[in-house]
Amino acid sequence: MIPKLDWRRYGEAMDRNGFVEELGAALRGPGILRLSNYGISPDLTADVFRHAVAFFDLTEAEKRTLAMRPGQHNRGWTRLGAEQLADGSSVLERREGFNIGLELPRDDPRAATFQPFRTATPWPMLRGFREATLAYYDAMLALGIGLQEAIALDLGLPAQRFAPFFVDPLATLRLVTYPPGTGAADEIGAGAHTDYGSISLLTIDPEPGLQARLGGSDWVDVNQEPGSLVLLVGDCLERWSNGRYRATPHRVQTPRNRRYAINFYLDPSPDVPVAPLPELTGTGASEQRPKTYAAYLTERLAASHMSPRR
């Protein structure tokens, strides 16, 4: 069973201690939960879904002008069959995506000098698309940072312990679509994988497909529950917590009908180390220099953007 928590208990200070306790139990146990009353307008969510449908209905020629560039970018359109999330798999993964990142001012030195992962999002010429998706991005970022406060408290740390990790972060909003399957045995929407950042906040449509492996057990269907989103643990949070939480393996089965999802990945700032927090390591901690998140993301994207092997 997937736990369900009401964000108002923490966000509106109705029962913060109880929320933190139940959040910690969910993250240490199944590694997944549903979050309700999370403060984002259903109208805005529906608007973003409408824009996702409109975007993926563009011609391939139109979408190609917005394609993600190779290297350290992670913004823009990825075509069907361009990514492979399951390491070492020969299964064809069937999905398209469009990634949106933090908007920096054009004269910001990080953008002006093309620092890794600081490139601008290539926006489609769809009325209202940019405004709606950025409003959703900002709301999800605020929610994610609030959740990091509760996570810090569960770990016995000050509520603001993670705040420096998310200053101008590499957090990504991803619109995804999965076309119906062809009937071939060697295809899947997305292979088994874990996400790269701290937590993932997923909003899904009614079409089934998402599955998660709860606490290392069997695969469980994670279907839409109106009014709630799905929270998963990512790789960074597993490392920062020194294994107290484990990143949640999940996958997407090829749907019978076209499926859409709006995924928000709370990734940290580029220079944040992907290593256990010193407060949680105790004695005997490794002296090896940790990777930065930018370096870790580079490695993971390089692997996932290889052409699928048949």
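Me: Let's start with Arg-8 in this predicted model: what is its relative accessible area?
Reply: Happy to begin there. Buried would need a value under 20% and exposed a value over 50%. Arg-8 falls in between, so it counts as partly exposed, and its relative accessible area is 33%.

Me: Which residue forms a salt bridge with Arg-8?
Reply: A partner has to bring a carboxyl oxygen of Asp or Glu within 4 Å of the Arg nitrogen. Here the closest N and O atoms are 2.7 Å apart. The partner is buried, with a relative accessible area of 16%. It is Asp-6.

Me: How many salt bridges does the count come to by this rule?
Reply: Good thing to ask next. Side chains of opposite charge can pair when their charged atoms come close. With the cut-off of 4 Å between N and O, the count comes to 15.

Me: How many residues apart are Asp-154 and Arg-28?
Reply: Their side chains meet in a salt bridge at 3.0 Å, N to O. The pair links distant parts of the chain, since Asp-154 belongs to helix α6 (residues 129-154) and Arg-28 to helix α2 (residues 16-28). The separation in residues is 126.

Me: Asp-154 or Arg-28: which of the two is buried?
Reply: The cut-off for buried is under 20% relative accessible area. Arg-28 has 41%, so it is partly exposed. The other residue has 18% and therefore counts as buried: Asp-154.

Me: Which strand does Lys-63 reach through its pair with Glu-96?
Reply: The two side chains meet in a salt bridge of 2.9 Å, N to O. Lys-63 sits in helix α4 (residues 60-64), and Glu-96 lies 33 residues away in sequence, so the pair ties these parts together. Both residues are buried. The strand that holds Glu-96, residues 96-100, is β5.

Me: Which residues are joined into one network by salt bridges that share partners?
Reply: Shared partners are what turn separate salt bridges into a network here. The residues joined this way are Lys-4, Arg-34 and Glu-225.

Me: On to the cavities: what is the volume of the second largest cavity?
Reply: Searching the whole structure turns up 2 cavities of 30 Å³ or more. The second largest cavity has a volume of about 40 Å³.

Me: How many residues in the lining of the second largest cavity are charged?
Reply: The lining is made up of Arg-75, Leu-102, Phe-117, Arg-118, Thr-119, Pro-169 and Leu-170. Of these, 4 are nonpolar and 1 is polar. Arg counts as charged, and the number of charged residues is 2.

Terms used: Residues numbered from 1 in each chain as written. Predicted model: local features only at pLDDT ≥ 70, side-chain atom pairs only at ≥ 80, totals over all residues. Heavy atoms only, no water. Buried < 20%, exposed > 50% of the residue type's maximum accessible area, 1.4 Å probe, protein only. Helix = DSSP H or I, 4+ residues; strand = E, 2+ residues; numbered from the N terminus. 1 Å grid on protein atoms, 1.4 Å probe; cavity = no way out; pocket = protein on both sides within 12 Å on 5 of 7 lines; lining within 4 Å. Points joined across faces, edges and corners; volume = space filled by probe spheres on them.
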